[in-house]
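Hi everyone, thanks for making time for this. I'd like to walk you through one structure, so let's put it up on the screen.

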Amino acid sequence: MGFALYAAYRGIPERFGPFGVDEGERGTGLGKILLHLTMTRMRAEGLHSSWFLWTGEASPAGHLYTRAGYQVTRRFHVMRWTA
């Protein structure tokens, strides 16, 4: 149905993600539960911050992160090369 990871990259315990919810389960609140359970676990391990690489700000995940208190600190632009 869904999953949420952190510390998946060696030496970077504050890195949240990857994170996902099956399309058929989206909109049920499962993502919110997974996010908050993961943040609680991270705090219990003494981590004081968390971050993830990127998501669309207007996506359902982007809205979830904003409601959870995350703020945009950097923006990335996807560039494509055409010949």
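Let me start with T38, which is buried, with 8% relative accessibility. This residue sits in helix α1, which covers residues 30-44. Leaving out residues up to four places away in sequence, T38 touches A4, Y6 and F16. Before I go further, please keep in mind that this is a predicted model.

Now let me step back to the whole chain. There are two helices and two strands, and along the sequence they come in the order β-β-α-α. The C-alpha trace spans about 50 × 35 × 20 Å along its principal axes. Of the 83 residues, 23% count as buried. The chain exposes about 6,800 Å², and carbon and sulfur atoms supply 56% of that area. As for contacts between residues at least 6 apart in sequence, 45% of them join residues at least 24 apart.

On to the inside. Which residues touch the most other members of the largest nonpolar core? Of its 13 residues, they are F16, F19, L35, M39 and Y65. The elements that give two or more residues to this core are β2, α1 and α2, the last being residues 60-67. Helix α1 provides the largest share, five residues.

F16 is a good one to click on. Setting aside neighbours within four places in sequence, F16 is in contact with A4, L5, Y6, L35, T38, M39, S50, W51, F52 and Y65. So you meet T38 again in that list.

Also in helix α1 is G31. G31 is buried, with a relative accessible area of 13%. Not counting residues up to four places away in sequence, G31 touches F19, V21 and L64. If you like a distance to check, the C-alpha atoms of G31 and E45 are 21 Å apart, with the two positions 14 residues apart along the chain.

Next, charges. The structure holds two salt bridges. In one of them, E45 pairs with R41, and the closest N and O atoms are 3.6 Å apart. E45 is partly exposed at 48% relative accessible area, while R41 is exposed at 53%. The other pair is R75 with E57, with the closest N and O atoms 2.1 Å apart. R75 lies in the segment after α2 and E57 in the loop between α1 and α2, so this pair ties together parts that are 18 residues apart in sequence. R75 is exposed at 55%, and E57 is partly exposed at 46%.

And then there is R15: what is the nearest side chain of opposite charge? It is E14, 10 Å away, and R15 is buried yet has no salt bridge. R15 lies in the loop between β1, residues 2-6, and β2, residues 16-21. Leaving aside neighbours within four places in sequence, R15 is in contact with L5, Y6, A7, Y9, W51 and L53.

That brings me to Y9, which is found in the loop between β1 and β2. Y9 is partly exposed, with a relative accessible area of 43%. Together with I12, W51, L53, W54, F76 and V78, Y9 forms a nonpolar patch on the surface, with about 750 Å² of accessible area in total.

That's my tour, and I'm happy to rotate to any of these residues if you'd like another look.

Methods
Residues are numbered from 1 along each chain as its sequence is written. This is a predicted model: local features need pLDDT of at least 70, side-chain atom pairs count only at pLDDT 80 or more; totals for chains, interfaces and linings use all residues. Side-chain values use heavy atoms; hydrogens and water are left out. Helices (H or I, at least four residues) and strands (E, at least two) are DSSP runs, numbered from the N terminus. Buried means under 20% relative accessible area, exposed over 50%, partly exposed in between (1.4 Å probe, protein chains only). Lys and Arg count as positive and Asp and Glu as negative; His and the chain ends are not counted. A salt bridge is a side-chain nitrogen of Lys or Arg within 4 Å of a carboxyl oxygen of Asp or Glu. Contact means heavy atoms within 4.5 Å. Patches are made of residues with over 30% relative accessible area and no salt bridge: like charges are joined within 9 Å, nonpolar side chains (Val, Leu, Ile, Met, Phe, Trp, Tyr) within 5 Å. Accessible areas come from the Shrake-Rupley method with a 1.4 Å probe; for residues, only the protein chains shown count as cover. A nonpolar core is a set of buried Ala, Val, Leu, Ile, Met, Phe, Trp, Tyr and Cys residues joined through side-chain atoms within 4.5 Å.
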